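Please open the structure in your viewer and keep the selection panel at hand. The tour proceeds from one selection to the next.

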Amino acid sequence: MIRSFRLRLTVWYVGCFAALFALLTAGLYGVLSRALTSRLDESLLSQAATASALFQDEMEETQNDPARSATEAVSNMRLRAGKVAVLDGARVLAASGPFDAAAAVRQMSAGARLAGARESAYSIPGARAAVYRFNCHGRAYVAVAAEPLDAIDADLAAIRRAMFLAFPLILAIAGAGGYWFATRGMAPLDAMAAQARRITGSNLDARLEIGDAAGELTALAESFNELLGRLDQSFDNMRRFVADASHELRTPVAVIRGEADVTLAKERTAAEYKESLAIILDESRRLSRLVDDLLNLARADAGRVKLQAQEFYWNDLLSECCRSVQSLAVARQIELECRCAADTPFSGDEELLRRMTLNLLDNAIRYTPPGGKVLAELEAGAEGVRIRISDTGIGIGADAAAHVFERFFRADKARSRGNGGFGLGLAIVKWIAESHRGAVELASRPGAGSTFTVTFPR
Ligand code: ADP
């Protein structure tokens, strides 16, 4: 197996070229050999016709003496390599040289196809022969001319020799040319590879220079650049995620440490220790919630969360969720209403979907001032399930609405942090909805309230 693409390309090219060249030369050789034979045939036929004409002239002069006329006619022919003969039926009247003309005619007559032809040419061992039939004074005669194939064979052998000599030379030239073209064609690819090799995690914003490469290579470079763009984007997201996560982790850790430092600085009363521990516990809870969320998102990014799908009823799930946030709603003086009719079973990861619903309910309560209202509705049909959580809270401006599903995004940082949020809740909602082939939408008006709608196909 040849590893170099350029070499492989060249080998293919040379292989195809050799096959084509061999085919072409074989064809040409065939045509040439046929042309040489037919030229010889023409000359032989004309010799036979001349012999017949001479014979008929002599017959006039010798007053019908076939043997003498034939001898005269044959001796009057000026021949180089060939031989002629005149026959009366199968009897040779005269022949130039020791030439078995009768056998040649017999051989021709054996081919029934040629038996009746007036003139014809054919091969006899080592030679070509032509016969010419004619009548003279009421009798049928045959004039035969034959010539060895030596001259043609010599010509063809010379051509064969030339071809065999030319073949490797032409292949060598084709190979060198093919390799040169392949190298030239691959040059932009080499350049791209060199550029790509220089791209690392720290310069993902670099792009391949496309230049004036051929169409396919341009497409390749463009795809590669698009890939780099996507990688750059995810690297950026990841970096931001890590930076945001460390930033978020710092606050509770600093609070815990500070609290412990201050408390341990001097002797405290039992009540003071208790208060301190309560603060530390509170921050630890926040911290562990944050770590849980981060872990979940990281797992989701790595595609390592396997949905534990099971059948459940959405109306049960939604009313359970409402019940669990009821005390929070009461504490904040918010009216919580849950509207859910009877439902058909739905298949999904109940735990994750509970988490999603709780996040939405939790937000609705947290971002609604006392006296407001939160409504959880379920619409279940044959085509899908729709969960709508609406509130009469502070609402979300159009600018912020475009980003609420991003990680660590908080429309109002101070307020959200005060509420205990990290800006991860809606990112998790979106991920859970999408991992169930669902979608989440937000409709909101600042000051009037927000409605989050999650839809799942059945
Ligand atoms: P957080 O933990 O900060 O609440 P989320 O991802 O749940 O993070 O929400 C992101 C931001 O979207 C919040 O900081 C808040 O500004 C806004 N938000 C979410 N839900 C609501 C809502 N029901 N009403 C008003 N604003 C909301």
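Two strands count as paired if DSSP finds at least two bridges between them. Helices (H or I, at least four residues) and strands (E, at least two) are DSSP runs, numbered from the N terminus. The model is a predicted one, in which local features need pLDDT of at least 70 and side-chain atom pairs count only at pLDDT 80 or more, while totals for chains, interfaces and linings use all residues. Residues are numbered from 1 along each chain as its sequence is written, and side-chain values use heavy atoms, with hydrogens and water left out.

Select strand S1, residues 83-88. Five of its six residues are buried (under 20% relative accessible area, 1.4 Å probe, protein chains only), so S1 is largely enclosed by the rest of the structure.

Add strand S5, residues 139-148: S1 and S5 run antiparallel and are joined by six bridges. Here Leu 87 stands opposite Val 142.

Next, add strand S2, residues 91-95, which pairs with S1 in the antiparallel sense over four bridges. Val 86 stands opposite Ala 94 in S2. Two residues separate S1 from S2 in this hairpin, and Gly 89 in the turn has a positive phi of about 65°.

Now select helices H6 (residues 215-264) and H7 (residues 270-301). They pack at an angle of about 165°, with their axes (lines fitted to C-alpha atoms over the stretch in contact) 9 Å apart. H6 is therefore roughly antiparallel to H7 (over 145 degrees between N-to-C directions, on a scale from 0 to 180). Where they meet (heavy atoms within 4.5 Å), the residues include Phe 241 and Leu 249 in H6, and Tyr 273 and Leu 287 in H7.

Key: Parallel < 35°, antiparallel > 145°, perpendicular 65-115°, else oblique. Buried < 20%, exposed > 50% of the residue type's maximum accessible area, 1.4 Å probe, protein only.
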